[in-house]
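Reader: I'd love a close look at one part of this molecule, the way two of its helices pack and what surrounds them. Could you walk me through that?

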Amino acid sequence: MSDNDGIIRYGLQPGGAGGQPLPFSPAVRAGDFVYVSGQVAMDERGEIVAGGIEAQTRRTLENLRRALALADCTLAHVVKVTVWLDDTRDFWSFNRVYREYFDAAPPARSCVRAQMMVDCKVEIEAIAYRPLPG
């Protein structure tokens with residue numbers, strides 16, 4: 001964690017496949033907002049989990065939950081989500097799992113199809129709002 005003019009960066013640089021460091025912070029606080037870098041279905045070893053869109057969506061959302069926790073946030077603090085899907089045919093299956101995590105009060109969301117940088121089916125980034133105490 002570092003503080004520079006009110007900006008706090010959380011977490012170590014994440015590791016990708018083969019332990020390669022990735023050049024970004026998992027979460028960054030700027031004032032009352034927390035920005036979470038795009039999360040994919042990567043496990044602790046930096047490998048994409050096996051399985052279809054539902055398994056990868058669950059792992060991606062769990063990774064999002066962990067990144068939010070670095071800044072003392074939960075999914076309930078999320079106000080905006082951006083989703084990239086590798087295949088538009090996965091949209092409805094993705095939504096079924098997404099609804100399990102964001103059901104009662106879902107955040108604003110954009111969802112588009114994109115070719116991924118790693119061999120995954122979904123990537124999710126988020127913006128959370130949690131005022132600083134004081």
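Author: Happily! In this predicted model, helix α1 (residues 53-70) and helix α2 (residues 91-101) have axes that come within 9 Å and cross at roughly 35 degrees. Two packed helices are described by just that pair of values, the angle between their axes and the distance between the axes. The crossing in which α1 passes α2 is right-handed.

Now for the side chains at this crossing. From α1, the contact draws on I53, E54, T57, R58, L61, E62 and R65, and these meet S93, F94, R96, V97, Y98, E100 and Y101 of α2. By character, the residues of this contact of α1 with α2 divide into 6 nonpolar, 2 polar and 6 charged. An α-helix has 3.6 residues a turn, so residues three or four places apart point the same way. With that in mind, try following I53, T57, L61 and R65 along α1, which are among the residues that meet α2.

Let's stay with α1 itself. Helix α1 counts 18 residues and reaches 26 Å from its first C-alpha to its last, close to the 26 Å expected at 1.5 Å a residue. Just what does α1 bury? Its buried residues are I53, Q56, T57, R59, T60, L61, N63, L64, A67 and L68. I53, T57 and L61 are among these buried residues, and they are also among the α1 residues that meet α2. The partners of the buried residues of α1 include strands as well as α2: they pack against β3 (27-30), β4 (33-39), β5 (78-85) and β7 (122-129) too. After α1 comes D72, and its phi is positive, near 60 degrees.

One of those strands, β7, deserves a visit of its own. In a regular strand the side chains alternate between the two faces of the sheet. In β7, the covered face holds V122, I124, A126 and A128, while the uncovered face holds E123, E125, I127 and Y129. Strand β7 has β4 as an antiparallel partner, joined to it by 5 bridges, with V34 standing opposite A128. Strand β5 also pairs with β7 in the antiparallel sense, over 7 bridges, and here L85 stands opposite V122.

A last stop is the loop between β4 and α1, where G46 has its place. G46 counts as buried because its relative accessibility is 5%, and the cut-off for buried is under 20%. From G46 to P21 is 9.8 Å in space, C-alpha to C-alpha, though they are 25 residues apart in sequence.

Note on methods. Residues are numbered from 1 along each chain as its sequence is written. This is a predicted model: local features need pLDDT of at least 70, side-chain atom pairs count only at pLDDT 80 or more; totals for chains, interfaces and linings use all residues. Side-chain values use heavy atoms; hydrogens and water are left out. Axes are lines fitted to C-alpha atoms, for helices over the stretch in contact, and angles run from 0 to 180 degrees between N-to-C directions. Helices (H or I, at least four residues) and strands (E, at least two) are DSSP runs, numbered from the N terminus. A crossing is left-handed if the near helix is turned anticlockwise from the far one by less than a right angle, and right-handed if clockwise. Contact means heavy atoms within 4.5 Å. Ala, Val, Leu, Ile, Met, Phe, Trp, Tyr, Cys and Pro count as nonpolar, Asp, Glu, Lys and Arg as charged, and the others, Gly among them, as polar. The expected span of a helix is 1.5 Å times one less than its number of residues. Buried means under 20% relative accessible area, exposed over 50%, partly exposed in between (1.4 Å probe, protein chains only). Two strands pair if DSSP finds at least two bridges between them.
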